[in-house]
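Got your viewer open? Load the model, show the cartoon, and keep the selection box handy for a short walk from stop to stop.

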Amino acid sequence: MFLERPGKIIALHLNYRSRAAQRGRVPQQPSYFLKPPTSVAASGDVLERPAGTELLGFEGEIALVIGQTARRVTPEAGWSHVAGVTAANDFGVHDLRYADQGSNLRSKGGDGFCPLGPAVLPAADVDPAALRLRTWLNGELVQEDTTAGMLFGFGRLIADLSQLITLEPGDVVLTGTPAGASVAVPGDVVEVEVDTAGHTTGRLVTPIAAGTVPFGPYGALPRADDRQRADAYGSVTPAFALSPAIRDRIESVGTATLSAQLRKRGHDAVSIDGLTPTRPGTRLTGRARTLRYLPYREDLFRTHGGGYNAQKRAIDALGPGDVLVVEARGERGAGTVGDILALRAQVRGATGIVTDGGLRDLAAVSALDIPVHHAGPHPSVLGRRHVPWDAGGAIACGGAAVCPGDVIVGDDDGILVIPPDLVEEVVDAAIEQERQERFIAEQVAAGERVEGLYPMNEHWRARYAAWLEKR
């Protein structure tokens, strides 16, 4: 199948769970932008990073090539309008995103910013649910995911677009990029391949060169800042990795000690209050992923309550080390999660669920390995009091503000929200505090008076230093 210049190219903003987790937000519905036909390039074509720009982002994607006219088709019929799939690279310069107001026209519409190919796999020869996408930067694999990791399937995308836009033969739909998209610089080579069950597009190769023609003063000029750099390199905020070593250090101290150290640093409103754990004695440590419920309203529940709603999408977007934190406004009169979704979170590798609303299926959830902190049991489904509204934003839970990526720490004393940039400092101080408290407890047990010892005066600090040397 020969891929000619398409009549239109429609690209999807966010569609892989791995990318949504990286971004800290899960879209409720698909959203799109256009790339002009002149952005198409072939494998092997050199792409110039525009002069004066710094952040040429690459995004390996699966491209759908429309084969039959699609207008108001159903999700079930959407795939039948696809002639084939190929590899694509959705290049863009983050330096110009500020000027696009969300349209991406200049930042992602430049000549050569949409390489396609080299081969198109006929739709009849592939299973759309079993395609693999891989991207290499200078020979190193940097992206790998499958269509099983998509939030919105191909049929749904075709159906959604065709409600308002007639898709014509030869049109191309770019279906989103997984985690791992980053920045290429002159001298780099980026390659993308789509394959399945012995069929492959071959590698779509794009060498990067430095542009030499500067921008003129009659339009927005490139500019980059730290936020754009973080976004371009794959994270909205500077990366913080909750490594096994940091997790072990966190779990070596109690939340009471961590709370004291947070308060010393001016953070006195970081506890999620009023909740009960399903597994007393189990530590809870992980990165926050957020979900928000609105109060029940009939029309809103009709549009947001059924199907693959925000609640289910948030659960499916969880990954290893994540904690789902739910804003339910302290409403205990309906369940906000039950045994099936709690099990799904456990299977996904999440380390816990925290909700300031009710919990259904208490006995079954309590039998799971995943700890769930909740405001109380209730037999009712969430539709009695809640509308699952959105995921991935800042929320309030149990009186505390929670942002995606915050570190959640819980034990039998309660649950804390720790800003990522404070974690290592607070944990180091908490470990030292508990070490001092062990020394003090030993002295008290030996009959010493508390005065001057707790807190320690200079005499006892000298004794403490000697105690440390012996250990």
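Which helix does Val444 lie in? Select residues 423-445: that is helix H12, and Val444 is part of it. Before you zoom in, bear in mind that this is a predicted model.

**Stop 1: a nonpolar patch**

Keep Val444 selected and add Val450 and Tyr454. Together these three make a nonpolar surface patch of about 280 Å². Val444 itself is partly exposed, at a relative accessible area of 39%. Membership in such a patch takes over 30% relative accessible area, so Val444 clears that bar with its 39%.

**Stop 2: step back for the whole chain**

Zoom out. Along its principal axes, the C-alpha atoms of the protein chain fill a box of roughly 90 × 55 × 45 Å. Colour by secondary structure and you should find 13 helices and 29 strands. Of the 471 residues, 52% are buried. Switch on the surface, and about 20700 Å² is exposed, with carbon and sulfur atoms supplying 52% of that. As for how the chain folds back on itself, take the contacts with a separation of 6 or more: 78% of them are between residues 24 or more positions apart.

**Stop 3: a helix under cover**

Now select residues 154-162, helix H4. How many of its nine residues are buried? Seven are, so you can call this helix mostly covered. Show them as sticks: Phe154, Gly155, Leu157, Ile158, Ala159, Leu161 and Ser162. To see what does the covering, bring up strand E1 (9-12), strand E2 (32-35) and strand E6 (60-66), which are among the elements packed over those buried residues. Helix H2 (75-78), strand E7 (82-89) and strand E12 (172-174) are also included in that cover.

**Stop 4: a buried acid**

Go to Asp188, in the loop between strand E13 (182-184) and strand E14 (189-196). Which side chain of opposite charge is nearest to this residue? It's Arg49, 7.9 Å away; Asp188 is buried yet has no salt bridge. A salt bridge here needs the charged atoms within 4 Å, so the 7.9 Å to Arg49 is too far for one.

What Asp188 does have is polar company. Its side chain makes a polar contact of 2.8 Å with the side chain of Asn138. Then look for the backbone nitrogen of Val185, which lies 2.9 Å from a polar atom of the Asp188 side chain. If you set aside neighbours within four places in sequence, the residues in contact with Asp188 are Leu137, Asn138, Val183, Thr206, Pro207 and Ile208.

**Stop 5: a valine in a short run**

Select Val93 in strand E8, residues 92-93. Is Val93 buried or exposed? It counts as buried, because its relative accessibility is 2% and the cut-off for buried is under 20%. Not counting residues up to four places away in sequence, Val93 touches Pro50, Thr53, Leu55, Leu56, Arg106, Ser107 and Phe113. For a distance check, draw a line from Val93 to Leu47: they are 46 residues apart in sequence and 12 Å apart C-alpha to C-alpha.

**Stop 6: back to H12**

Last, pick Arg249 in helix H6 (residues 244-251). Arg249 is partly exposed, with a relative accessible area of 36%. Leaving aside neighbours within four places in sequence, its contacts are Val427, Asp428 and Ile431. Residues 423-445 form H12, the helix where this tour began. Finish by measuring from Arg249 to Ile431: the two are 182 residues apart along the chain, and their C-alpha atoms are separated by 7.9 Å.

Technical notes:
Residues are numbered from 1 along each chain as its sequence is written. This is a predicted model: local features need pLDDT of at least 70, side-chain atom pairs count only at pLDDT 80 or more; totals for chains, interfaces and linings use all residues. Side-chain values use heavy atoms; hydrogens and water are left out. Patches are made of residues with over 30% relative accessible area and no salt bridge: like charges are joined within 9 Å, nonpolar side chains (Val, Leu, Ile, Met, Phe, Trp, Tyr) within 5 Å. Accessible areas come from the Shrake-Rupley method with a 1.4 Å probe; for residues, only the protein chains shown count as cover. Helices (H or I, at least four residues) and strands (E, at least two) are DSSP runs, numbered from the N terminus. Buried means under 20% relative accessible area, exposed over 50%, partly exposed in between (1.4 Å probe, protein chains only). Lys and Arg count as positive and Asp and Glu as negative; His and the chain ends are not counted. A polar contact is a pair of N or O atoms within 3.5 Å; within protein, one must be able to donate a hydrogen and the other to accept it, and residues adjacent in sequence count only if both atoms are side-chain atoms. Contact means heavy atoms within 4.5 Å.
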